[in-house]
Amino acid sequence: MPREAEPSLNEKNFVLQALQDSVRLDGRELEEYRPLALTFGDQYGVADVTLGKTRVLAKASAELTVPYADRPLDGIFNIATELSPMTSPAFEVNRPTETEVLVSRLLEKTVRRSGALDTESLCLVAGQKCWSIRVDVHVLSHDGNLIDAACFAVVAALRHFRKPDTSMEGGVLTVYTPAEREPVPLSWLHSPFCVTWSFFGEEGDIALLDATWMEEQVRSGSCTISLNKHGEICQIAKLGGVPVEAVSLLQCTNIALIKAKDLSSKLDNWLAEDAKRRDKGGLLAELSAENDRVPDM
Amino acid sequence: MPLDTSTYSLALLRVDGRRWNELRRIHAQIRTQAAADGSSYLEMGHTKVMCVVTGPSEPGPRRGGAGGTGGGGGVGAGGQSKDAEVVVNIVIAGFSSVDRKRRGRGDKRTLEMQSTLANTLAATLHTHLFPHSQINISLHVLSQDGSLLAALINAATLACVDAGIPMTDYVTACTAGSTSTYAANDEGADPLLDLNHQEEQELPGLTVATLGDSDKVVALVCESRVQISRLEGMLAVGVDGCKQVREILDQVIKAQGQKMILDGTVDKGTGLNDMDLD
Amino acid sequence: MTSSQQVLLSPAELSYLHSSLSLTPPIRPDGRSPTQYRPLSAETGILPGTNGSARICFADGTEAIVGVKAEVEKTKRKWDDDAVYTENSHNDDEEQQQDGRGEASNGNGNSDWVELTVEIPGYRDDDPSTVFLAQMLSEALLADGGFIKKLRINRRFHWKLYLDILLISPPLSYPLPLLSLTTHLALLATRLPRLKSEGDEDPFFDDDWAAAPYLYSRNPTTKRIAERPPVTLLVMAVGGNIIFDPSKEELAVADVALAVSIGDATTSQRSQGEDDRMDVDSGNSGGRNLKLLSIRTVDPPSRLTPPGVANAANSAYGHAQVVNTGANQKMPEARQTESEAVEGVWKPPRGGAKAIVMGALVQKVLVRGGVADEVLDALEGVDTS
């Protein structure tokens, strides 16, 4: 298995030395995110998130299926994460690396287990028919802080997604095409966001947000906190690494809440903008015979 | 869901009759396995785990997929690294839970626990003393009743002490919860120490591992939705619980040490003679 | 499949080991006699959450834990099968076992009523060696036709038995004998709740665990266990000697190694002449009536050890001959020299074992008052109540 080249000793020392003086290589403040950008695709449920040089694409899709036998009243919701060799030669197809397992576990805990999506609303006929919602996460470019970017992309994709409308009449289930009825959004309960702290130094006393790949390679520990804007923690994962004072972890959580609120309002704005862009007067406008070509003079 | 909380508010006693700040019975033994370099057996209530440590030793031949799904949870880069690699392997026995449930080795939850343990121990063990080598930690879960990750961390710490691998201090872990149902923000909620399986299912909780008797948190895992205001109370109780656990583990080690001196067993000093201290 | 991980012994050491094991009587590295098992300590009922459990530690430090869990399962059945059913469904052949035809309706069992898994630390659960171990252990159980029948509740329901076998210690020696003995004890200690329902109605059970009967019933007066689960013994041949319970190093020089599963047929009323059952009537000294359940050859790692080079052929001693062992295989004259046994030079065994050696091995296992008897006696001494 090819391995990513490690940074040289000089590079490592330089980064750490600079961090001692609270200076980051790209000149950011310690608690500052890189510029975040979100583009929605033409289809519903495609979100392309760039965070500095990290780029993640998430695509939500729905299909009709049979619910699990042990949960007849719930729909199915899955998040599939793929780190392809396109991102880094260290990732191989069909062999999940530790990073991949941890990223998918974190997304699962943050979005799925915290009940962000109401799975009961996905059930159409108890025990027989339900929607299966699947989000595929593709990492297109990896420059650190995959988790925050991936989580943002998943939430954005799911909130943007519209599933076909259905109706039940006299035991007959009808699924409408987008032309017949406008697709409906998922029943969404809350939007959790991941905020990842990186700790540096022997004592773990330097903490910063949104680490780049270089910073991730020299860090001595990390802690991912998932929160929504209501101040609910959905998940905390400090999986080992350098010991950090309990009090500073609490501080980290409070700052993470501010960041999560910030991310939340950013996403709301983007979604509103996109909705405005798409809303051209609904189906009527689309069906009108006029075209917007400017007639020749 | 409200079963636990409603009875709690009446008598301030939990389902198993404990107070809010009471640990379950911890029983631990070290040196349970003659063939291993270090071993331990730990019970936290009905959660029972065994740990066997082999190494530090020369990294064995890489079996197919050992780095990925097979071995799992390796920290450090194989034999090339100047630090010893900590490889953790967790086997959750099919008979450990009430309903038999088989988890393959590819189970993501197990892989995550392996990785957590490997990272937790790598931060505490002096791995820089054993370059180009490997420390193998294999854990067996014989019975589970909540606080599984905490029990695994405690057992691994004991076994590493038994193996004589130099480490900064004990890493001890325990769980803490809160009697408020998740999302509810009632001020009267009490934090709880050391959750059992039923409480873990019903109440928000977290696992915390600390280093020695300091307040330094090595690992913190919270998997349930909880109000941010509850965190401080839970963390405080958890950290305090870790200190209690540390006392208990310390007694276990000291008792075993005394017994060995009385028996006249001279410790073979695994790894001590050929270790070069710097 | 190698039967244990690679042994790091030089050709000279292997040769020494081989010749000392070929002496009469053989000299084993740990001073045991050829038929002596490693001393062991055992306990049962260690896990209250299981239907039966056992733990065994061998003196060399290897340790195993077995837990048995039972669940009630609905019996799948085929009505049209009654007529076609023949008695020889319990033979050694795994394919025939696996096709799982509905023997249930005849009051017998089905091989998928038992699920057996082996966990060895550091090995994947789909590793060939792990799968092979599980296969050997389950085939011994299934070959003992009486065992599956015990799991029948009524015509519609049966017990499904899950056996989880954990090797706790690192695999220092080939773990088969250890795992087999531990499984034996765990099955002896297994209890199933007492059935309160009658006939073919949905089963319900007595809540009182103290009233739960053992899977292997005991004689109410003498407390002796009437029938016992099978045990699998590992036995190997070196030169003319037969050695029981070989260690890893001994296995590395074995000419042939066999895993022999035996059952206790003393009180068996059902020796309906199934193909693989063979009552051994040799000798009438006290002891058990043993029956042979299954035999598997175990591939000993000795075949993978590099051969030694005699001084006469070694260029390091001034001989100009080609001694590259890799090249040897291709040159007929070099193979000639290799096949000659030279005193003190290790030569890995080639080819199969002679039928007479195989026969002797099996005879030795089944002999009355022999090792198998000793092992069963020792296991009987373990308190399983």
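Contact here means heavy atoms within 4.5 Å, and helices (H or I, at least four residues) and strands (E, at least two) are DSSP runs numbered from the N terminus. Axes are lines fitted to C-alpha atoms, for helices over the stretch in contact, with angles from 0 to 180 degrees between N-to-C directions.

This is a predicted model, in which local features need pLDDT of at least 70, side-chain atom pairs count only at pLDDT 80 or more, and totals for chains, interfaces and linings use all residues. Residues are numbered from 1 along each chain as its sequence is written, chains are lettered from A and ligands numbered from 1 in the order in which they are written, and side-chain values use heavy atoms, leaving out hydrogens and water.

Let's start with chain C. Helix 9 (residues 355–366) of chain C lies across strands 6, 7, 8 and 9 of that chain, at about 35 degrees to strand 8. Helix 5 (residues 176–188) of chain C lies across strand 6 and strand 8, running at about 160 degrees to strand 6. These strands form an open, antiparallel sheet in the order 7-6-8-9, where two strands pair if DSSP finds at least two bridges between them. Strand 7 (241–244) and strand 9 (290–298) of chain C are at the edges with a single partner strand each, so one side of each has no neighbour in the sheet. From one strand to the next, the twist averages 30 degrees. Strand 6 (residues 231–238) and strand 8 (residues 256–264) of chain C share 7 bridges; one of the bridge partners is C:Leu258, across from C:Val235.

Now for the interfaces. Buried area is the accessible area (1.4 Å probe) that two parts lose on being put together, summed over both. A salt bridge is a side-chain nitrogen of Lys or Arg within 4 Å of a carboxyl oxygen of Asp or Glu.

| Chains | Residues in contact | Buried area | Salt bridges |
|---|---|---|---|
| A and B | 36 residues of A, 35 residues of B | about 3,200 Å² | 6 salt bridges |
| B and C | 27 residues of B, 30 residues of C | about 2,400 Å² | 0 salt bridges |

Between chain A and chain B, the side chains of A:Glu203 and B:Lys216 meet in a salt bridge (3.0 Å, N to O). Helix 2 (98–113), strand 14 (232–238), strand 15 (244–245) and helix 5 (246–278) of chain A each supply at least two residues of the side touching chain B.

On the side of chain B that touches chain C, strand 3 (47–57), helix 2 (66–70), strand 5 (85–92) and strand 6 (134–143) of chain B each supply at least two residues. Strand 3 of chain B gives the most, with 4 residues.
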